[in-house]
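The following exercises are to be worked with the sequence and the coordinates at hand. Each task is followed by a solution in steps.

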Amino acid sequence: MSILQTIWFGLIALLFAGYAVLDGFDLGVGMWHLFTRGERERRTLLNAIAPFWDGNEVWLLTAGGALFAAFPPVYASVFSGFYLALMLLLLALILRAVAIEFRSHESSPAARSRWDAAFALGSTVAVLLLGVALGNILRGVALDAGGNYTGTFFGLLTPFALLVGVLNLAMIATHGALYVVMKTEGLLADRARRWAKLAWGAYLPLAVLTLVAAALFPHLRQNYLAMPALWLLPALALLAIILTGVWNRAGQPGRAFVASGTGIVLLLAAAAAALFPSLVPALNHPAWSLTAHNASSSALTLKTMLILASAGMALVLGYTIWVYRAFRGKARWDEGY
Amino acid sequence: MDAVLLARIQFALTVGFHFIFPPLTIGLAWLLVWLVGRYRRTGEADDRALARFWVRLFALSFAIGVATGIVMEFQFGTNWARYSRYVGDIFGAPLAAEAVFAFFLESIFVGVLILGWNRVSRTTLWVSSWLVAIGSTLSAFWIIVANSWMQTPAGYITRNGRAELQNFWQAVFNPSTMPRYLHTVDAALIVGAFFMMGISAWYLLRDQHVEVAKRAFTMALVVGFLASLGAAGIGHWHAVQVANTQEPKLAAFEGLFETQTHAPLTLFGIPDAKTRTLRAAIQIPHALSLLVGNTAATEVKGLDATPRADWPPLLATFFSFHLMVLLGLYFMAFTALGLLLLWRRRLFGNRFFLTAALWSIPLPFLATQVGWMAAEIGRQPWAVYGVLRTSDAASNAATVPAGQILASIIMFSLIYLLLFNTWVRLLRRAIHHGITDEAPVRIDDPGARR
C-alpha cells in the first residue's frame, strides 16, 4: 500500500467535498427557485449564483476526471454500474445548466417559467441522485470478479441509499437557503430564513438517523472500532449542523452558512473514514471490493497527477477567491444581463 | 442491435452535438479579446455595445457547450468501461488536467465577462476575456492530447493487463498531438470568424448598426483569411503525420488501394472495397507522393498493406475527408475574395457577397464535423490505434445492456433537439434585439406579490 494511493483516496474525497460545498449552494438555490414570488425575486436568486455556479460545477468534472486518472477501475465500475441513474443525473445537470442561461434570454413569462421549472427540477433531481449514489457506495454493491456491477437499476433503490438521498436533499436545501439569506435582503431574505429553518428541521434528524443506520453496517464500523478518535468526525459534524440551525435562528446567516459548509465537509469526511481504503465495497464477496490498493493507477501516474493537481488547484483557489470577492455583497435583481 | 454499435452511435451523437459549440466559443473568445480590448482602449458606447452583444451570443453557446461537455466526461465510464480500465492510467490524466487547468479558468472568468459590466473595471473585463480565451484554448489542448493518444499512442507500456504510463511527456506530446491541436484551434478560429462575418453581414444587409457591423466584419474577415491559410498549412502537416503514423487511415482518406511510388492525389472518386478500385476517379498524378515525401519517388502505403479486417470503413472516411478539404478551399477562396473587395472598397456595397457570408455560417461547423468524422472513423476498428479494438472497449454488455443504451440515445436525441432549437431561437432573438448595451429581456415586474 503506497502513500500515493492513500493521498489520492483523500484527494478524491476532498474534490467531492469541494463540489458538495460549492455547487451545493447553487443546487440548493435551485431547489428553492420555484418558492420565490415574482420575477424580481427569481432574477435576484439567479444573480446571486450566476457568476459562480459554472466554476462550482467544474469541481464535479475535476472529481470525475481525477477519479478516472487515479482509480480507473472505480470510475469504470461505478459509472457503468449506475448507468441509468447516471443518465438521469446527466439529464438533470444539462437541463439546469442551460436553464440558468436560457431563461435570461427569454422574453415571454411562460417560457421563463418553463426554464425556471427545469432549473428547479434539474437541481432537485441531481441532489437526490447524487445522494442515492453515495448511499450505494457506502452500503456496497454486488460486483463480479471483473469489477462489473451485477445488480439492477432498482437494486440501487435500497432503504439506506434512499435515506442518504433524502438526507442530501435536506442538507443541500439548508445550505442553499442559507446562501440566499446571506446574499439577499428584505422579504426574500426573510422568506429564505424560514426555508432554512424548515429544511434544517429535517436535516438534523435525518443526519442522526443516517449516522446510526450507517453504524449498523459492520464494514462501515470497522475503522471506527479500530481507531476510536474517528468518532470525532460524526460528532463534530452534528455539532456543526446544530450550530447551523442556531445561528440561522439568531439572524447570523454568514456564520450559519460557514457552519453548514463545515457540516457537509465533516459528514463526507466521516463517510470517507468509514470506507477507507475501500472505494466500492463488494457486498457479495468482500475480496472483490475495489480499494485504493487494488484499483489505483500506477505510481508514476499518481505522482505526475499529484504534481499537476497541486499546482493547478493552488491557482484555481487563488482566482476562485478573487471572483467571489469581485462579486461580494448583496445580489440585486437589476444587475447582470 | 448490438451493444457496441449502440455505444458508438451514442458517442458519435453526443460528441458530435457537443462539438458544435466548443469551436464556436474558442473562435469567438479570441475575437472577443479584440472587441473587449477595443472597448478598454476607447471606452466608447458603441464599442461597449458591440462587445456586449457578442458576449451575449458567446454566453448562449458557451452554456450548451458546458452542459453537453459533462456528458463526455462521464461517458467513458458509462459506455466504455473496459476502455477506461485498460487505458485509464494514461487517458484519465489529460481529462483531469483539462478540468484543473482549463475548465476552472474559463468557467470562472466567463462569469466576470458576462456579468461584470457594471461591477469591474474595463481592464479587468479585458483580462477576463484573455483568460476565457486562454482557458478554452487550453481545454482544447488537453482533450486533443487525450484523443491523439488514441490515434498515435506513445509513452506507455503494456503491463498488468493494461496500458501503463511510462513517460508522461511522450504520452502528452505523442506524434499527432501538435498538428492535430493546431489544426483544431485553427478550425475554431474559422468557425468563429465566419459566424461573426455572417451575423455582421445580416445587419449590413438590413442597414442596421452599420458602423459597428463593418468593424466586426472586417476583423473577422482578416482572422478568417489567416486561419483559412493556416488550415491549409497545418492540414498538410497533419496529413503527412497521418501518412507516417496511421497508414491505413491515409489510404482510406485517399482511396489508395495499392502501395506505390508516384501515388496520385485523388480529387474525387468512389472507393469500392470489394473490387479494391476507385471508381469515377479524378486524380492528379504523382501529387500524393510529392505531398507526403516531397519527391514523386516516395512510396505511399495503400490499403493492401493492412489486413482487410483492419481497414476503416472506406466510404465514410473518404467522403468526410474530401468534403472537409473542399470546404477548406472554399473558406480560403471566400475570405481572399472578401479581402480583395475590401481593398477595392467594394465589400460593403456588395449584397451578393454579404448574402453569401450570411449563408456560409453553417459551413465551418460542417467542416469541423466531417473533419472529426474522418479522424475518428478513419481510426477504426481501433479505439486505441494498434492497441485496443473498439469491440473490446465497450462496457460489459450484461452490466450495460443494449436496451439501456438505446433508451439513453433516445433521451439525448430529444433533449439535444430541444437545446438546438432553443439555441437557434434565442440567437435569433438576441440578433433581432440588435447590437446594444441593453439586455434583450426587460423585467417589468410589478414587484413581488405577498
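Helices (H or I, at least four residues) and strands (E, at least two) are DSSP runs, numbered from the N terminus. The model is predicted.

**Exercise 1. Determine how many helices and strands chain A has, and assess its compactness.**

Solution.
1. Under this definition, chain A has 12 helices and two strands.
2. Along the sequence the order is α-α-α-α-α-α-α-α-α-α-α-β-β-α.
3. For 337 residues the globule rule gives 20 Å, and the radius of gyration of chain A is 20 Å, so chain A is as compact as a globular protein of that length.
4. Taken along the principal axes, the box filled by the C-alpha atoms of chain A is roughly 55 × 40 × 35 Å.
5. Of the 337 residues of chain A, 61% count as buried.
6. Among the contacts in chain A with a separation of 6 or more, 78% join residues 24 or more positions apart.

**Exercise 2. Compare the expected span of helix 8 of chain A with the distance between its end C-alpha atoms, and locate its kink.**

Solution.
1. Helix 8 of chain A covers residues 187–215, which is 29 residues.
2. The expected span is 1.5 Å times one less than the number of residues; for helix 8 of chain A this gives 42 Å.
3. The end C-alpha atoms are 42 Å apart, which agrees with the expected span.
4. A kink of about 25° is nevertheless present in helix 8 of chain A, centred on A:Trp200.
5. A:Trp200 is itself one of the buried residues of this helix, which also include A:Leu188, A:Trp195, A:Ala199, A:Tyr203 and A:Ala214.

**Exercise 3. Describe the side of chain B that touches chain A.**

Solution.
1. The contact involves 65 residues of chain B and 66 residues of chain A.
2. On the chain B side, two or more residues each come from helix 3 (45–79), helix 4 (81–115), strand 2 (162–165) and helix 14 (402–433).
3. Helix 4 of chain B gives the most, with 22 residues.
4. By residue class, this side of chain B divides into 39 nonpolar, 17 polar and nine charged.

**Exercise 4. Characterise the contact between the two domains of chain B.**

Solution.
1. The domain assignment gives domain 1 (1–176 + 394–435) and domain 2 (194–245 + 247–378) of chain B.
2. Their C-alpha centres lie 23 Å apart.
3. Domain 1 of chain B supplies 17 residues to the contact and domain 2 of chain B supplies 21 residues.
4. On the domain 1 side, helix 2 (21–42) and helix 3 of chain B give two or more residues, and helix 2 of chain B gives the most, with five residues.
5. The residues on this side of domain 1 of chain B comprise 12 nonpolar, four polar and one charged.

Definitions and conventions: Residues numbered from 1 in each chain as written. Chains lettered and ligands numbered in written order. Predicted model: local features only at pLDDT ≥ 70, side-chain atom pairs only at ≥ 80, totals over all residues. Contact = placed C-beta atoms within 7 Å. Nonpolar A, V, L, I, M, F, W, Y, C, P; charged D, E, K, R; others polar. Domains from an automatic or database assignment. Bend = angle between axes of the 7 residues up to and from the residue. Buried ≥ 20, exposed ≤ 12 C-beta atoms within 10 Å, placed from the backbone. Rg over C-alpha atoms; globule rule 2.2 N^0.38 Å.
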